[in-house]
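Reader: I would like to learn how to read a structure feature by feature. Could we go through this one together, with the general idea before each case?

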Amino acid sequence: MLSVHSSYSLKYGILAPEELLRLLQAQGYERAALTDINNTSACADFVRLAPKYGIAPVLGIDFRNSADPCFIALACNKEGYKNLNDYLAFHLHQHLPIPRKAVPLPHTLVVYPFAKFREPEPLEENEYIGVRLDELNKLRFSPWLKQRHKLVLWHQGSFRNRKDFNSHRLLRAIDQNTLLSKLPKHEEGSDTDVFVGKAWLEKALSDLPWLLSNTEKLHEACAVEFDFGESGENHNQKTYTDSVAEDKELIRKLCREGLPYRYPNPDERIYTRIERELEIIEQKGFLSYFLINWDIVRYARNKNFFYVGRGSGANSVVAYLLRITDVDPIELDLYFERFINLYRQNPPDFDVDFSWTDRENITSYIFHRFPQVTLLGAYSTFQFRAVVRELGKVFGLPKHEIDELSRGRLESRKPDHITDLVLRYGTRIQGLPSHLSIHSSGIVISERPIHYYCSTFMPPKGFPTTQFDMVVAEDLGLFKFDILSQRGLSKVKDGVELVRRNHPDLDPIDIHDIKRFKQDEQVKALLREGKAIGCFYVESPAMRMLLKKLRVDDYLGLVAASSIIRPGVSKSGMMREYIARHRFPEKRKDAHPVMLDIMPETYGVMVYQEDVIKVAHYFAGLSLAEADVLRRAMSGKYRSREEFQKVEQQFFDNCKAKGYSDEMSREVWRQISSFAGYAFAKGHSASYAVESYQSLFLKAYYPLEYMVATINNFGGFYSTEFYVHEARMEGGQIHAPCVNRSDYPTAIYGKDIYLGWMHVAGLETDTAMRMLEERDVNGPFSDLNDFMDRLPSLGLEQLSLFIRMDGFRFSGIAKKELLWQAHLRYSPSKPAPETLQLFKARTKEFKIPKLPHSELEEAFDQIELLGFPLCNPFYILDEEPDNALVSNDLHRFLGKTICVYGYLVTVKDTATTKGDRMNFGTFIDRAGHFFDTVHFPEIAARFPFRGRAVYGVTGKVVEEFGFYMLEVSALRKLKTISDPRYSEVKRNLEYQSKQLAS
């Protein structure tokens with residue numbers, strides 16, 4: 001065979017690279033060429049795995065326009081491979097079609113399809129013609145026979161059998177967004193592109209043996225090898241300066257300069273730690289990695305960008321001195337071997353978070369600052385529900401049936417042949433790569449051009465992106481720099497700015513004075529009581545519950561809580577054990593003496609990733625290299641399951657040799673394994689805690705400004721409605737958007753908060769910005785007529801949104817009258833240009849009768865345009881709750897069943913160990929305070945949530961570690977009044993009027 005396709009011939013191929021190699025070995029091949037269609041994602045894996053199956057790998061690319069083949073190009077060596085990647089990337093970046101003939105590509109061999117070159121034409125020395133098996137009879141009469149040395153076999157292995165080919169056709173139909181019955185033949189491969197054995201091929205070509213011989217000679221002329229890091233060498237940019245010696249000098253200079261800032265009175269312990277880290281950083285070749293990160297954060301500080309450095313790199317005192325991180329590893333006694341050890345092949349992680357508004361600037365800087373930079377790619381794979389939907393469309397099923405099938409059940413009719421095909425082929429296609437995407441944060445800065453390793457594509461972000469993912473990159477010794485974005489930093493930065501504007505007489509806030517925040521009593525009180533709505537990482541219902549149970553009010557307690565909340569600790573059952581040992585010191589004796597000795601700070605409970613390394617090393621006697629395998633396994637980054645299982649067996653063997661009981665060994669291993677994919681490094685948790693303290697300080701002293709900053713950055717865990725509610729609870733006066741007082745984001749004047757126009761559904765950004773620009777230039781609007789005169793090009797639909805939002809309430813004219821005025825004045829003819837008028841034209845006055853309007857109608861306009869009412873949601877109920885119980889009453893009814901009325905905030909769906917669905921709910925009571933509920937499977941099934949509303953929640957009051965909640969036995973949704981804007985149905989106006997008047 002000339003070449004094979006893997007599943008990374010996206011929406012074309014079927015088989016994973018290792019499946020290909022296994023099949024090729026079984027069919028007797030010693031060499032094989034992987035040529036995926038316009039893609040090199042699988043090349044590194046193909047080369048890495050090929051020796052395992054006795055295959056000599058050849059790499060190339062099948063250049064096509066959609067499914068139409070142009071030519072196949074094989075790489076003779078690394079330079080040829082780079083040339084192919086350069087050529088492919090050029091076309092992918094520019095979205096150009098592949099030409100019929102390739103440009104000269106040194107160190108490559110190019111094969112054109114015989115079907116497109118029936119008549120001989122001049123070929124370069126490295127160019128050939130490929131003949132398919134079904135074209136052999138045509139070849140016998142072709143003039144090309146006179147140039148036998150230029151002819152090779154064009155047979156591509158794409159499918160094993162008919163089912164593979166059927167799957168391929170379905171993938172092509174999905175790709176073309178067409179019905180299977182309408183899929184053009186030129187958009188699919190040939191059903192003859194099947195894998196055939198080498199012996200079968202030799203027999204089929206027994207009268208043309210030279211054709212097969214020519215093909216084999218092509219393969220023999222090609223060999224591309226990669227260094228997969230067996231030597232531990234990484235292929236990131238080698239030096240930050242011009243040499244390793246200069247890098248060493250620079251990093252030591254930076255450490256000396258950073259010492260007075262971080263440690264005004266350093267002792268011998270600090271100097272020893274610095275020297276120890278520098279020696280290993282130099283020995284492992286990570287100097288440039290540290291210096292590049294330093295360069296990035298230095299640029300951020302110069303631009304006044306907020307950032308947080310986290311990840312395992314936060315365990316490093318060198319990173320602390322270089323101000324990559326703000327976590328003091330000496331203060332926290334961070335475990336050095338979690339940061340780096342001699343057995344670790346890859347650099348430590350620096351996850352650097354920037355504001356979501358600043359990350360693009362940082363990314364652009366990195367691309368301009370360093371010579372060889374690419375974004376790291378990722379693969380999006382077909383998920384079962386998504387592929388069922390796609391196949392449903394391909395087979396022409398109606399939407400309601402597709403919806404039912406994607407949910408795993410067909411209710412409208414009995415399953416038939418078509419639905420059976422959808423489900424059967426959905427299972428076959430599930431897990432195949434669908435398309436290339438971008439890693440959430442990874443950037444690769446390499447020593448050599450990235451095209452020595454793979455080709456690149458150009459996503460909408462406008463930065464070249466690798467065609468392989470993080471795992472393959474690490475196999476090749478290319479380690480990513482993590483540049484992330486989050487809204488928490490923007491909330492802090494904007495909060496500080498709003499305080500400066502709203503309190504101009506106050507001294508500027510030093511938001512980086514974390515030591516002060518740690519000692520502040522008001523901050524401690526918020527922590528103890530879990531009153532942290534809007535605060536980074538500590539505002540979720542689960543986190544608020546944990547803080548109340550732990551009653552922590554110090555930095556170390558918050559650091560531990562940030563990691564305990566992760567599923568690994570809670571899943572292992574050790575979260576409850578940690579809380580008990582924290583609250584009740586006498587329970588600490590329940591810990592195994594060795595575990596307590598290893599982890600005294602966490603009472604013998606594994607909380608952080610480094611705790612697992614400590615237990616593996618000190619408790620079970622694993623080497624640090626073996627412990628590092630566990631660390632990578634916990635992060636979901638291990639390549640070899642066999643390697644992990646070997647370490648697991650070594651763990652139990654060592655435990656037995658140390659005399660531990662089988663029960664003890666199994667329990668410790670259970671706790672270790674429960675951390676998989678979830679555990680935080682302690683330095684990572686500490687970095688989160690620093691940002692939490694910044695937001696807690698702002699919440700404690702400037703709650704209104706901080707809530708406005710939270711609203712303007714689109715909240716956090718909760719929706720905008722509940723941050724508006726929190727601002728009201730903190731004493732803010734909430735106002736609907738106003739054309740004279742509101743900006744595009746929400747604005748604050750003293751205690752008056754005017755919601756921003758960005759929250760109004762349907763209002764175009766350009767419209768809002770034009771209005772604001774006009775107001776800034778020519779002053780406030782006097783009334784609707786003035787507004788329409790100064791913005792004559794505004795459409796009636798957009799103008800109506802300003803009116804319906806009550807944006808002209810300062811004029812004293814009711815909305816309904818203003819809407820009539822707008823309709824009577826509006827002219828659908830071509831709008832006049834917006835120019836300043838020297839003399840204002842007189843506007844015809846229309847006499848409009850007084851039209852009835854109520855606050856209830858206002859509330860429903862707000863629900864439609866903002867997504868929530870600005871009044872208490874209890875005020876628009878169609879019935880009055882039969883009791884006045886609120887969350888503060890729960891402690892009086894411990895163990896009793898009561899009903900509390902609450903407005904639904906959020907629901908968390910989860911599953912029991914048996915796989916049954918259950919819920920945790922969070923509500924706001926009629927007084928505006930939060931309370932929490934638990935809904936076990938039977939109740940969750942009988943009383944499902946039915947959208948955002950006020951519910952009557954009936955349940956037993958339960959308590960754990962001083963935290964009260966309802967164990968729900970019944971749930972009833974209360975009716976809201978009919979929309980008064982459209983309904984004449986009689987309502988309980990007395991109740992609503994009384995509530996609104998209050």
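Reader: Let me begin with helix packing: at what angle do the axes of helix 8 and helix 10 cross?

Author: Keep in mind throughout that this is a predicted model. The axes of helix 8 (residues 244-262) and helix 10 (residues 287-302) cross at roughly 50 degrees, and they come within 10 Å. An angle from 65 to 115 degrees would count as roughly perpendicular and one under 35 degrees as roughly parallel, and helix 8 and helix 10 are therefore oblique to each other. Their crossing is left-handed, and the contact involves V244, D247, K248, L250, I251 and L254 from helix 8, with L287, S288, F290, L291 and W294 from helix 10.

Reader: How are helix 21 and helix 24 placed, and what is the angle between them?

Author: Helix 21 (residues 541-550) packs with helix 24 (residues 574-583) at an angle of about 30 degrees, their axes being 9 Å apart. That angle makes the two helices, 21 and 24, roughly parallel. On the side of helix 21 the residues that meet the partner are L546, K548, K549 and L550, while helix 24 brings M575, Y578, I579, H582 and R583.

Reader: Why do the buried residues of helix 1 lie on the same side?

Author: As a general idea, an α-helix has 3.6 residues a turn, so residues three or four places apart point the same way. In helix 1 (residues 17-26), the residues P17, L20, L21, L23 and L24 are buried. They cover an arc of only 165 degrees around the axis, which is why they fall on the same side of helix 1. These buried residues pack against strand 1 (3-4), strand 2 (31-37) and helix 2 (43-49), and just after helix 1 comes G28, with a positive phi of about 90 degrees.

Reader: Is N85 buried or exposed, and which residues does N85 touch?

Author: N85, which lies in helix 3 (residues 78-94), has a relative accessible area of 0% and is therefore buried. Leaving aside residues up to four places away in sequence, N85 touches T40, I61, H451, Y453, C454 and S455.

Reader: Which residues touch the most other members of the largest nonpolar core?

Author: That core holds 110 residues, and those touching the most other members are I511, Y555, L698, W757, M771, F787 and F802. Helix 30 (residues 682-701) gives the most to this core, namely eight residues. Again leaving aside residues up to four places away in sequence, F802 touches V739, W757, L763, T767, M771, F787, L794, G807 and F808. Apart from this core lies another, of 90 residues, including L211, F382, I402 and C454.

Conventions:
Residues numbered from 1 in each chain as written. Predicted model: local features only at pLDDT ≥ 70, side-chain atom pairs only at ≥ 80, totals over all residues. Heavy atoms only, no water. Core = buried A, V, L, I, M, F, W, Y, C linked by side-chain atoms within 4.5 Å. Buried < 20%, exposed > 50% of the residue type's maximum accessible area, 1.4 Å probe, protein only. Helix = DSSP H or I, 4+ residues; strand = E, 2+ residues; numbered from the N terminus. Contact = heavy atoms within 4.5 Å. Arc of directions from axis to C-beta. Axes fitted to C-alpha atoms, helices over the stretch in contact; angles between N-to-C directions. Parallel < 35°, antiparallel > 145°, perpendicular 65-115°, else oblique. Left-handed = near helix turned anticlockwise from the far one by under 90°.
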